[in-house]
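Reader: Hello! I have just opened this structure and would love a friendly close look at one part of it. Could you take me through it slowly, and then on to the surroundings?

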Amino acid sequence: MEILQGLRKPYKELPSKYFYDEVGSQLFDRITEVDDYYLTRTESLILQQQIEAIAAALGPQCMLIEYGSGSSIKTRQLLDHLVDPIAYVPIDISREHLLQASLTLAHAYPTLEILPICADYTSAFALPQPSRPGKRKVAYYPGSTIGNFDSEPAKRFLSQIAQTCGKGGGLLIGVDLKKDFAILHKAYNDCDGVTAQFNLHLLERLNEELASNFQLDQFGHYAFYNPGQGRIEMHLVSLQKQEVQFGDETITFDNFESIWTESSYKYTLDEFRQLANSTGFQVEHVWLDPQQLFSIQYLSE
Ligand code: AVI
């Protein structure tokens, strides 16, 4: 199993997708509201300031496909400004959230066709056919979640989006930028300790769901910017030599040994353009906040 395989490696790791159970998703929502985590509020600011230009770039009669739509709350701003959208396709792995969000949206936008897909958006899924033809398919991937992919998986994922949207299609994406390390450091070591709680919750989840016996107070949150790799690395560091039981299997930890739980890559505009170009996209527009912390970009095929 993926989790045990990661913990058996010489440099232990756990896939970051396991952060997001009910409690983990709530903790992430809290992260997006802490002062130190600039990403979400900066992206919202750009969206707010540039919404007319963004809607114009997407053009009339597009089919908007949101990858990892969650509650779809922030998408409303975009939907409010799109000209005659053909359909909104929210994709999310959590069926309950997806259905609830779709019902709420259907109520708020009675003339918009909403075609939810319950799927892991990184694997193949079939796109539903809207009831009237549109001008283009546009994927929406906000939040700089692309930063949580290593380079090759990021290429594969963007190529898959390019294939889904087809010729003439587009991608509206939030991309976090390289910046002063101190700002990055604070964002992943917030003084309210919410990111530490979010990271440690992963062990709590394993204890609950896989009956392991991690002692949460014997692991510490450690996040730092690795400038050579251009990424924040998030780790859980063992605070003593210890053993953790997974059924019959014992995982041993040395003092200060770490489990790598997440990477969050930061890009320069040039680096992201190169990545986009390698997947069949061209960067058409880049919108920035005044401090140039974050970018919203429109890529076309
Ligand atoms: C979801 N993703 C873009 C967040 C990030 O900034 O990489 C996840 C996160 N991890 C710690 N804080 C936020």
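What relative accessibility does glutamate 249 have, and what does it count as?

Author: Happy to help! Please keep in mind that this is a predicted model. Glutamate 249 has a relative accessibility of 23% and counts as partly exposed, because the partly exposed class lies between under 20%, which is buried, and over 50%, which is exposed.

Now look at what the side chain of glutamate 249 does. Together with the side chain of arginine 8, the glutamate 249 side chain makes a salt bridge, with 2.7 Å from N to O. Glutamate 249 belongs to strand S10 (residues 249–253), while arginine 8 sits in helix H1 (residues 2–8), so this pair ties together parts that are 241 residues apart in sequence. The partner, arginine 8, is partly exposed too, at a relative accessible area of 47%.

Strand S10 has a neighbour you can find easily. S9 pairs with S10 in the antiparallel sense, over five bridges. Within this pairing, glutamine 242 stands opposite phenylalanine 253 of S10. Two residues lie between the strands of this hairpin, and here glycine 247 takes a positive phi near 60°. Strand S9 (residues 242–246) has two faces to compare: Gln242, Val244 and Phe246 make up the covered one, and Glu243 and Gln245 the uncovered one.

A positive phi deserves a short detour. Most residues other than glycine have a negative phi. Glutamine 61 nevertheless has a positive phi, near 55°, and its place is the loop between helix H3 (38–58) and strand S1 (62–67). At a relative accessible area of 23%, glutamine 61 is partly exposed. Aspartate 84 also has a positive phi, near 50°, in the loop between helix H4 (75–81) and strand S2 (87–92). Aspartate 84 is partly exposed as well, with a relative accessible area of 35%.

Back to salt bridges. The structure holds 15 of them, including the one between glutamate 249 and arginine 8. Another joins glutamate 13 to lysine 9, whose closest N and O atoms are 2.7 Å apart. In that pair glutamate 13 is partly exposed at 30% relative accessible area, and lysine 9 is partly exposed at 37%.

For a contrast, find aspartate 176 and lysine 266, whose side chains meet in a salt bridge of 2.8 Å, N to O. Aspartate 176 is in strand S6 (residues 170–176) and lysine 266 is in the loop between S11 and helix H9 (269–277), so these two tie together parts 90 residues apart in sequence. Here the covering is another matter: aspartate 176 is buried, with a relative accessible area of 0%, and lysine 266 is buried at 2%. There is also a network of salt bridges, which links Asp21, Arg205 and Glu209.

Another buried residue to visit is histidine 235, in strand S8 (residues 231–238). Its relative accessibility is 9%, so histidine 235 counts as buried. The histidine 235 side chain makes a polar contact of 3.0 Å with the side chain of glutamate 233. A further polar contact, of 2.9 Å, joins the side chains of histidine 235 and serine 258.

Let us finish at the ligand. Around the ligand are 14 residues, the closest being Tyr37, Asn148, Tyr188, Glu262 and Ser264. By class, this shell has seven nonpolar, six polar and one charged residues. Helix H2 (22–31), helix H8 (194–210) and strand S11 (258–265) each give the shell at least two residues.

Some atom pairs here are worth zooming in on. Tyrosine 37 has a polar side-chain atom 2.5 Å from a ligand oxygen atom. For asparagine 148, a polar side-chain atom lies 2.8 Å from a nitrogen atom of the ligand. Glutamate 262 likewise places a polar side-chain atom 2.7 Å from a ligand nitrogen atom. The ligand taken alone exposes 350 Å², and the protein buries 97% of that.

How values were computed:
Residues numbered from 1 in each chain as written. Predicted model: local features only at pLDDT ≥ 70, side-chain atom pairs only at ≥ 80, totals over all residues. Heavy atoms only, no water. Near = heavy atom within 4 Å. Polar contact = N/O pair within 3.5 Å; in protein donor to acceptor, adjacent residues only side chain to side chain. Areas by Shrake-Rupley, 256 points an atom, 1.4 Å probe, with all protein chains shown as cover. Helix = DSSP H or I, 4+ residues; strand = E, 2+ residues; numbered from the N terminus. Nonpolar A, V, L, I, M, F, W, Y, C, P; charged D, E, K, R; others polar. Salt bridge = Lys/Arg side-chain N within 4 Å of Asp/Glu carboxyl O. Buried < 20%, exposed > 50% of the residue type's maximum accessible area, 1.4 Å probe, protein only. Pairing = 2+ DSSP bridges.
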